[in-house]
Amino acid sequence: MILVTGGAGFIGSNFVLDWISTGLGPVVNVDKLTYAGNRENLAAADGNPDHVFVQADICDQDRMSALMAEYRPSRILHFAAESHVDRSISGPGEFIRTNIDGTFSLLQAALGYWRGLEGKAQDDFRFLHVSTDEVYGSLGPDDPAFSETTPYAPNSPYSASKAASDHLVRAYHHTYGLPTLTTNCSNNYGPFQFPEKLIPLMILNALDGKALPVYGDGQNVRDWLYVGDHCSGIRRVLEAGRVGETYNIGGKNELKNLDVVHTICRLLDEMRPRASGSYAGQIEFVRDRPGHDRRYAIDPRKIESELGWTPAETFETGFRKTVAWFLENPAWVEHVRSGEYRKWIDHNYGSRG
Ligand code: NAD
Ligand code: TYD
């Protein structure tokens, strides 16, 4: 049995579905179901005895301890977080609560549980913390990519809260010996991504005939990784990563935002053509994000050389799959665009102009 937090979100649900569909064993999936959590992401697991869903808040330490005592996980995979930079700018409080306090509660519960294990069960236990490359800050155009030894320099409330959680995980290993692993990954994309993030937002706005809002000059660079490759990287770290270590996961796919949006338009022009003209005609430059990090890039040499992991998808194949998935799942899209989603869109884009 493994315990996954945040398994109804974008990456967590992809991870859980991959795990149970390949028969790797049972999963207890603990998620608060915030606006970003969606039971529909897990529809393929309905009726599967290897999937147990529990709605709970990771900040509730007693509940976390009780769940660990009941399900006796051999591994804990911690995905749960507030994850959107723009939301962290307009409302940082939930980021501090879930990402810092919540990780602390989960670590406390895990430490108590782990200390109660014996022999091989204690030796084999792992706590894997899923984090982001944003903790390393922003790169200049010619700077080397982020490695595991790059100093932390988070710039947004989101990345600062994730950095704090990474430090807590490190301290629980160093001080108490809790067998932890940390992964820092670059920007993900793929099925089930909530359409507040760049790629799904652009796909859906394009199909709706709405503006494609590019922040600032569109020259900010992100290093894109298909979500299935992130999940395979996490599985590999879980299987063979050295306890107490950090592994950066990235696909060596640096792209400027404007090029990402043009790629989406090109694929949509081919797969769902407009009546006339290209979707690129809908691109609009809007007011920039405050403190917008210019460039992220991951140096994945450690996970590649130590653990033999490489991504399966190129940007072109991963993008094509992603655009196709959003075209093929209109019901999921409709349900996700709830009142709460519309409120966010009005709040974030209403004043950008
Ligand atoms: P997401 O926002 O799609 O999902 C987060 C999930 O966590 C949701 O299901 C939500 O309901 C749940 N959650 C939030 N607060 C909770 C709480 N207090 N208790 C229990 N559950 C709670 O996020 P995502 O994009 O799937 O990211 C997952 C993890 O990966 C995060 O830790 C994020 O920092 C990290 N990460 C994401 C990316 C990316 O590009 N999306 C890249 C690198 C790292
Ligand atoms: P996002 O998906 O929010 O991820 P992150 O901020 O964690 O990297 O944004 C990716 C990039 O796209 C980032 O540079 C901000 C930019 N962006 C836009 O230009 N327009 C948008 O509407 C959004 C949501 C993001």
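**Entry 1. Strands 4 and 5**

How many bridges join strand 4 to strand 5? I looked this up in a predicted model and found four bridges, with the two strands running parallel. Strands here are DSSP runs of E with at least two residues, and helices are DSSP runs of H or I with at least four, numbered from the N terminus. Two strands are said to pair if DSSP finds at least two bridges between them. Arginine 75 stands opposite arginine 126 in strand 5. I then followed arginine 75 to strand 1 (residues 2-5), where isoleucine 2 has arginine 75 of strand 4 as its bridge partner. Strand 1 and strand 4 also pair in the parallel sense, over four bridges.

**Entry 2. Conventions and confidence**

I noted that residues are numbered from 1 along each chain as its sequence is written, and that chains are lettered from A and ligands numbered from 1 in the order in which they are written. Because the model is predicted, local features need pLDDT of at least 70 and side-chain atom pairs count only at pLDDT 80 or more, while totals for chains, interfaces and linings use all residues; side-chain values use heavy atoms, with hydrogens and water left out.

The pLDDT, the predictor's confidence in each residue from 0 to 100, averages 97 over the chain, and 100% of the residues score at least 70. Confidence is lowest in helix 13 (residues 339-349), at a mean of 89, and highest in strand 5, at 99.

**Entry 3. The sheet**

I traced an open sheet of seven strands, with parallel pairing, in the order 3-2-1-4-5-6-11. Its edge strands are strand 3 (51-55) and strand 11 (246-249), each of which pairs on one side only. Neighbouring strands of this sheet are turned by 20° against each other on average, direction ignored. For such angles, axes are lines fitted to C-alpha atoms, for helices over the stretch in contact, and the values run from 0 to 180 degrees between N-to-C directions.

At the strand 11 edge, I found strand 6 (residues 180-185) paired with strand 11 in the parallel sense over four bridges. Threonine 183 has tyrosine 247 as its bridge partner in strand 11.
Helix 8 (residues 227-240) packs on the sheet, where it touches strand 4 (75-78), strand 5 (126-132), strand 6 and strand 11. The direction of helix 8 makes about 145° with that of strand 5. Contact means heavy atoms within 4.5 Å.

**Entry 4. Helix 1 on helix 8**

I turned to helix 1 (residues 10-21), which packs on helix 8 at an angle of about 65°, with the axes 9 Å apart. The two helices are therefore roughly perpendicular to each other; angles of 65 to 115 degrees count as roughly perpendicular, under 35 as roughly parallel, over 145 as roughly antiparallel and the rest as oblique. Their crossing is right-handed, a term for a near helix turned clockwise from the far one by less than a right angle, anticlockwise being left-handed. Among the residues in contact are Phe10 and Trp19 of helix 1 and His230 and Leu238 of helix 8. The contact of helix 1 with helix 8 divides into eight nonpolar, three polar and two charged residues. Ala, Val, Leu, Ile, Met, Phe, Trp, Tyr, Cys and Pro count as nonpolar, Asp, Glu, Lys and Arg as charged, and the others, Gly among them, as polar.

**Entry 5. Helix 9 and its partners**

I looked next at helix 9 (residues 257-271) and helix 11 (residues 315-328), which pack at an angle of about 60° with their axes 10 Å apart. That makes helix 9 oblique to helix 11, and their crossing is right-handed. Helix 9 contributes residues including Val260 and Leu268, and helix 11 residues including Phe315 and Leu327. By class, this contact has ten nonpolar, one polar and four charged residues.

The axes of helix 7 (residues 198-208) and helix 9 come within 10 Å and cross at roughly 45°, which makes helix 7 oblique to helix 9. This crossing is right-handed. The contact includes Met202 of helix 7 and Val260 of helix 9, and its residues divide into ten nonpolar, one polar and no charged.

**Entry 6. Glutamate 148**

Finally, I located glutamate 148 in the loop between strand 5 and helix 6 (157-176). Not counting residues up to four places away in sequence, glutamate 148 touches Tyr136, Thr246, Tyr247, Asn248, Asp299 and Lys302.
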